[in-house]
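Me: I am new to this structure and would like a close look at a single part of it. Please set that part within the rest of the chain, and explain your terms as you go.

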Amino acid sequence: MNYSFAGFNLKKILNSIDWKLLLFLILFLNVKLAVKVVAIIIIYLLNFDFRFRFSFKNSRLPLFYLLIITIAFIGLIVNRNFGNPDYLLLFFTGITFWGLCLLAVHQVKLSVENNNVEIIQRTVLVFFVINAILSFCNIAHIVWETGAINPYRYQGENQKYFIGTGDYIRGLTFDVSTTNAIINAFGVIYFLDKKNPVMVLLCMAVLLLTGSNFTNLALLIILALLFCFKSTREQKSLIAICFMFLVVFMAKISPQNNKYLFDSVENLFHAPKQQPAAIKAESGTDGALSTEQIRRNFVQKYFDSVSYVASKKQLVKPAPPQTAPLPNYHGRILIVGPDINKPPYLTPTDTTPDEKELLTFIEAHKNNLPISRQTVFKPGLPGKVTGLFQTVSFLQHNPAKIIAGDGIGNFSSKLAFKATGLGFEGGYPAKYIYISRDFLSNHLDIYLNFFSRRSGLHSLTNSPYSVYDQLLAEYGLLGLSAFLAFYLWFFAKQYKNFTYGLPVLILMLTMFFIDYWFEQLSVIVFFELLLFLNIRETTALKSVNYESR
């Protein structure tokens with residue numbers, strides 16, 4: 001039997017895809033580091049090849065990976081961190097991450113080189129279909145668990161889902177939903193170029209389900225540019241439908257995400273104003289409230305609350321209790337719904353165990369945490385912007401670190417957070433915990449300031465995570481220059497051979513602002529696969545056109 005729709009021919013695909021590449025992608029993009037290592041071992045056993053063929057001119061692979069490892073060793077020597085055993089473990093763990101990136105990109109390149117273009121395209125198609133199926137299974141499980149057809153508006157279970165429903169749509173990577181969102185944003189661009197309407201809309205639907213506002217906004221801008229400057233009539237129609245999908249999702253399915261998006265954008269350019277205090281602060285030089293002020297605030301809030309309750313009692317008469325549903329003038333029965341102002345439908349205000357752990361850590365290290373030790377939260381710039389300012393200020397005050405940076409895991413990286421032992425980015429052996437003072441007083445301080453408080457502050461814009469920040473802070477100008485010259489330019493110089501590759505590249509450069517994607521070992525390898533594939537497609541097409549003349 002042969003099933004086919006919109007270019008998806010099941011029998012043909014099963015007989016003509018690169019199963020080794022598909023297995024590698026499924027395993028390597030998994031959130032577990034152990035599974036990624038297994039993926040590398042399996043793919044090299046199946047395809048044993050270590051001929052990387054690096055060169056400064058026409059290198060087969062981005063020379064960046066080799067250079068960044070070299071720069072890391074230079075930083076180790078310059079910063080004299082080799083005397084600390086705990087740091088050496090962290091350092092070589094970081095080198096391992098870069099090594100895995102290198103091994104992965106080599107295998108992806110081999111797959112593109114050794115297979116027919118159509119085989120790789122079908123493999124990519126199957127990957128997206130599997131990911132979409134698992135993503136829809138995620139949302140189906142939530143619907144079954146909550147009993148709500150639209151869990152994006154479901155406020156029960158202390159708003160476990162509601163605006164955060166998208167966080168549970170993780171697809172086949174089982175990673176954070178942002179990973180799933182970016183992969184599907186790639187898919188929208190890729191299948192738009194392939195003129196496959198079913199897959200474009202499928203990827204767009206999964207992207208919207210993840211609720212990743214930043215990814216939605218970035219893709220929206222790229223699609224608008226494609227609509228204006230580089231698209232056929234058919235592609236314009238698909239882009240218009242994608243816009244409609246987004247509008248419907250924001251307006252009807254998850255309107256709270258719409259408000260959250262606009263608030264985030266506004267706060268990014270205009271710092272929120274701090275509410276005037278009822279009593280002038282009597283604080284010390286570190287900004288911490290004095291005991292006397294805390295008492296005054298407590299008494300003031302108590303009397304304010306008493307006055308408020310008394311005024312409500314005077315203004316509002318209690319409604320008589322209804323013992324039975326009453327029919328209205330159409331003869332229909334009025335069924336009283338649940339009171340969403342009661343605890344089961346409200347965000348819990350109790351301090352969670354994770355927040356308690358962070359608060360305990362803040363108390364133990366408050367002398368080195370100038371921001372997070374403040375008793376009262378002071379609104380200001382988003383944490384990501386503050387983090388960039390911290391990095392620039394740090395390098396200004398430490399000119400010796402401008403060239404090769406502060407070293408792996410010493411200022412801004414996934415590994416730095418992981419090595420704290422606080423459960424960030426997975427576990428870490430307790431006896432080898434390592435926290436650099438530079439990291440503690442800067443990016444960790446910012447993170448603690450937002451993520452030890454109410455959940456409303458736990459947003460992407462308040463996280464200091466950023467590839468650009470990581471490269472500048474931990475690898476210095478050498479690291480950032482190596483990235484620009486031997487990674488970005490390695491792909492960008494092929495712009496004449498790009499169709500979907502250019503918007504995918506622009507999207508990835510935007511995503512580098514929001515996480516440590518090289519250390520994440522997920523999105524990057526898929527991004528590299530698409531660019532290598534696009535270069536192979538266009539060069540092969542040019543070759544065919546030249547021979548036909």
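Reply: Asn58 counts as exposed because its relative accessibility is 64%, where exposed stands for over 50% relative accessible area, buried for under 20%, and partly exposed for what lies in between, with a 1.4 Å probe and protein chains only. Asn58 sits in the loop between helix 3 (33-46) and helix 4 (64-78), helices being DSSP runs of H or I with at least four residues and strands E runs of at least two, numbered from the N terminus. Although Asn58 is not a glycine, its phi is positive, at about 55 degrees. Phe174, again a residue other than glycine, has a positive phi near 60 degrees, and its place is the loop between helix 7 (156-159) and helix 8 (177-193).

The model is predicted, so that local features need pLDDT of at least 70 and side-chain atom pairs count only at pLDDT 80 or more, while totals for chains, interfaces and linings use all residues. Residues are numbered from 1 along each chain as its sequence is written, and side-chain values use heavy atoms, with hydrogens and water left out.

The chain as a whole gives the setting: 22 helices and two strands make up its secondary structure, and 46% of its 549 residues count as buried. Among contacts in the chain with a separation of 6 or more, 73% join residues 24 or more positions apart, a contact being heavy atoms within 4.5 Å. The accessible surface comes to about 28400 Å², by the Shrake-Rupley method with a 1.4 Å probe, and carbon and sulfur atoms account for 64% of that surface.

The part to look at closely is the set of cavities and the residues around them. Across the whole structure, a search finds two cavities of 30 Å³ or more; a cavity is a set of points on a 1 Å grid over the protein atoms alone where a 1.4 Å probe fits but cannot get out, and a lining residue has an atom within 4 Å of a point. The largest cavity holds about 50 Å³ of space, a volume being the space filled by probe spheres set on points joined across faces, edges and corners.

The lining of the largest cavity includes Phe28, Tyr65, Cys101, Trp517, Phe518 and Glu528. At least two of its lining residues come from each of helix 5 (85-114), helix 21 (517-520) and helix 22 (523-547). By class there are ten nonpolar residues, one polar and one charged, with Ala, Val, Leu, Ile, Met, Phe, Trp, Tyr, Cys and Pro taken as nonpolar, Asp, Glu, Lys and Arg as charged, and the others, Gly among them, as polar.

Trp517, one of those lining residues, lies in helix 21 and counts as buried because its relative accessibility is 0%. Its C-alpha atom is 8.1 Å from that of Ser466, although the two are 51 residues apart along the chain. Leaving out residues up to four places away in sequence, Trp517 touches a group that includes Thr178, Ile182, Val467, Met508 and Phe512. A polar atom of the Trp517 side chain also lies 2.9 Å from the backbone oxygen of Met511.

The second largest cavity has a volume of about 40 Å³, and among the residues lining it are Gly94, Trp98, Ser413, Gln470, Glu474 and Glu519. Helix 5 and helix 19 (467-492) are the elements that give two or more residues to this lining, and helix 19 has the largest share, with three residues. Its classes are four nonpolar, four polar and two charged residues.

Ser413, which helps to line this second cavity, belongs to the loop between helix 15 (383-397) and helix 16 (414-418). With 1% relative accessibility, Ser413 counts as buried. The side chains of Ser413 and Glu474 are joined by a polar contact of 3.0 Å, meaning a pair of N or O atoms within 3.5 Å, one able to donate a hydrogen and the other to accept it within protein, where residues adjacent in sequence count only if both atoms are side-chain atoms. Beyond its neighbours within four places in sequence, Ser413 is in contact with Gln470, Glu474, Tyr516 and Glu519.

One further residue, Thr215, is found in helix 10 (residues 213-229) and counts as buried because its relative accessibility is 0%. Apart from neighbours within four places, its contacts include Thr178, Ile182 and Met511.

Methods: 1 Å grid on protein atoms, 1.4 Å probe; cavity = no way out; pocket = protein on both sides within 12 Å on 5 of 7 lines; lining within 4 Å.
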